[in-house]
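Biologist: Could you take me on a close look at the part around the ligand, and then follow the chain outward from there? I'd like one connected walk, please.

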Amino acid sequence: MFEVLPQLPADPILGLSAAFKADPNPLKIDLGVGVYKDENGQTPIVTAIAKAQKILLETETSKTYIPAQGVQGYIDGLTELLLGKANPAVLENRVAAVQAPGGCGALRILSELIKRCNAETTVWVSDPTWANHIPLIGNAGLKIETYPYFDKDQASIRFDAMVESLENVKSGDVVLLHGCCHNPTGADLTKEQWQVVLKLAQKTGFIPFIDVAYLGFGDSLEDDAYGTRLLVNNLPEVIIAASCSKNFGLYRERVGLALMVTQNSTTRNAIQTQIQSIARAIYSMPPSYGGALVDIVLNNAELRAEWISEVDMMRNRMQDLRALLVSKLKEYGAKRDFDFVNRQKGMFSYLCITPEQVRAMRDKHSVYFVESSRVNIAGISLKNVDSLAKSLVSVL
Ligand SMILES: Cc1ncc(COP(=O)(O)O)c(C=O)c1O
């Protein structure tokens, strides 16, 4: 049976990693895959998580199945991080949630839920968006359309065009928004722009589907939740997919959350059974380990404070690297103003250079990043920033 299927081309980002590994140049630079790295190019275990692992090892007494919705302390802790303390939707029992295998798992089961509600729903995604949104949503069988988001020539958000496009979205359609640290552009909506998005949702009746994969990497854990909370506090229905891969450094443990804000507790109870039955039919129940670690960290005052300071450290380091790159580009004579890199948020930046220039960076200078010109800011270091800036100036 298998002969009928052809070999598929390598995933562009994973293919890039393979090419980077094979490159013998000792000065090569990897700005591809979206993983936080420290000054030595390592992705160490977050200290608060390492301590939680020890606690879990000593306290876990069974490996029996966990409840279908996942680790409850994890769900409650992450819900509070996303929606704030004592959110009315939580207090009114309007929030359904399941722990999911990563943000990807959450995006996929939520897409299945949207399809169960109405198979004709169109999901509107930003142009551009994270490449994996398309198969995660599309393979659930939903139609996908795009709304304008980023202007590469101006290196800024096309907010007027975005608003014009969203004004024409049908009631009941779904609009995917990045809660913070937009991937791939790093260009985030301002608070005022989020308010306009809220008004648009109220006017047209679209349902926001918010992907929150980098909470704390933009401005702060609180500020990065601004748009999510604004929509949740003012709309009857909101869908949220969250990930702990980046901010808790739990990539391989696959820790995510699928959260649905519903109109009332009767609907909430129905939707909770629906999302659990969707998960049951795909992977049954989520892995416990990562959720149990986040539960320990969020519910232990000392570890929670330690984790928050580690998130602050990662964010500040990335902001410093942005500033350093911009100043080095000036120093090495870039004619173009790259100051927009300082205004972008989170782990990614669109350098807004052409695919030919991206290829020249790889072929002539062994600097690896995707053709859209998205770079992983955390891949920059004090050691490589000079050669990175010189290479960039030379291909411009
Ligand atoms: C925008 C966005 N959403 C969701 C995810 C999901 O990540 P994971 O499934 O690893 O938790 C990522 C990871 O790169 C992402 O960039």
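Modeller: Sure, and one cut-off first: a residue is buried if 20 or more other C-beta atoms lie within 10 Å of its own, exposed if 12 or fewer, and partly exposed in between. Keep in mind that this is a predicted model.

Let's start at the ligand. Its surroundings are Gly 34, Gly 102, Gly 103, Cys 104, Trp 130, Asn 183, Asp 211, Ala 213, Ser 243, Ser 245, Tyr 251 and Gly 256. Sorted by class, that shell holds seven polar, four nonpolar and one charged residues. Helix 5 (residues 102-117) supplies the largest share, three residues.

So what does helix 5 look like? Its 16 residues run 23 Å from first C-alpha to last, close to the 22 Å expected at 1.5 Å a residue. Helix 5 is also mostly covered, with twelve of those 16 residues buried. Among the buried ones are Gly 102 and Gly 103, both of which also sit in the ligand shell. Ala 106, Ile 109 and Leu 110 are buried as well.

Leu 110 takes us into the largest nonpolar core, which has 118 residues; Leu 110, Ala 258 and Ile 275 touch the most other members. Helix 12 (residues 301-331) is the top contributor to this core, with seven residues. The core draws at least three residues from each of domain 1 (10-44 + 312-395) and domain 2 (50-299). If you click on Ala 258 and ignore its neighbours within four places in sequence, you'll find contacts with Ala 106, Ile 109 and Leu 110 of the chain, and also with Ala 97, Val 98, Ala 100, Ala 241 and Ile 275.

Now for those two domains. The C-alpha centres of domain 1 and domain 2 are 28 Å apart. Their contact uses 18 residues from domain 1 and 20 residues from domain 2. On the domain 1 side, helix 12 and strand 11 (348-350) are the elements that give two or more residues. That side divides into nine nonpolar, six polar and three charged residues.

Just past strand 11 there's an oddity to look at. Cys 352, in the loop between strand 11 and helix 14 (355-365), has a positive phi of about 60° although it is not a glycine. Cys 352 counts as buried because 20 other C-beta atoms lie within 10 Å. Asn 93 also has a positive phi, near 55°, and belongs to the loop between helix 4 and strand 2 (95-100). With 13 C-beta neighbours inside 10 Å, Asn 93 is therefore partly exposed. For background, most residues other than glycine have a negative phi, and most peptide bonds are trans.

That brings us back to the ligand shell, where Asn 183 is one of the residues. The peptide bond from Asn 183 to Pro 184 is cis, with omega near 20°, and Pro 184 lies in the loop between strand 7 and helix 8. Thr 185 is in the loop between strand 7 (174-178) and helix 8 (191-204) too. Thr 185 has 29 C-beta neighbours inside 10 Å, so it is buried. Setting aside neighbours within four places in sequence, Thr 185 contacts Pro 128, Phe 150, Gln 344 and Tyr 350. Pro 128 has its own cis bond, from Asp 127, with omega about 5°. You'll find Pro 128 in the loop between strand 3 (122-127) and helix 6 (133-138).

Note on methods
Residues numbered from 1 in each chain as written. Predicted model: local features only at pLDDT ≥ 70, side-chain atom pairs only at ≥ 80, totals over all residues. Near = placed C-beta within 6 Å. Helix = DSSP H or I, 4+ residues; strand = E, 2+ residues; numbered from the N terminus. Nonpolar A, V, L, I, M, F, W, Y, C, P; charged D, E, K, R; others polar. Core = buried A, V, L, I, M, F, W, Y, C linked by C-beta atoms within 7 Å. Domains from an automatic or database assignment. Contact = placed C-beta atoms within 7 Å. Expected span 1.5 Å × (residues − 1).
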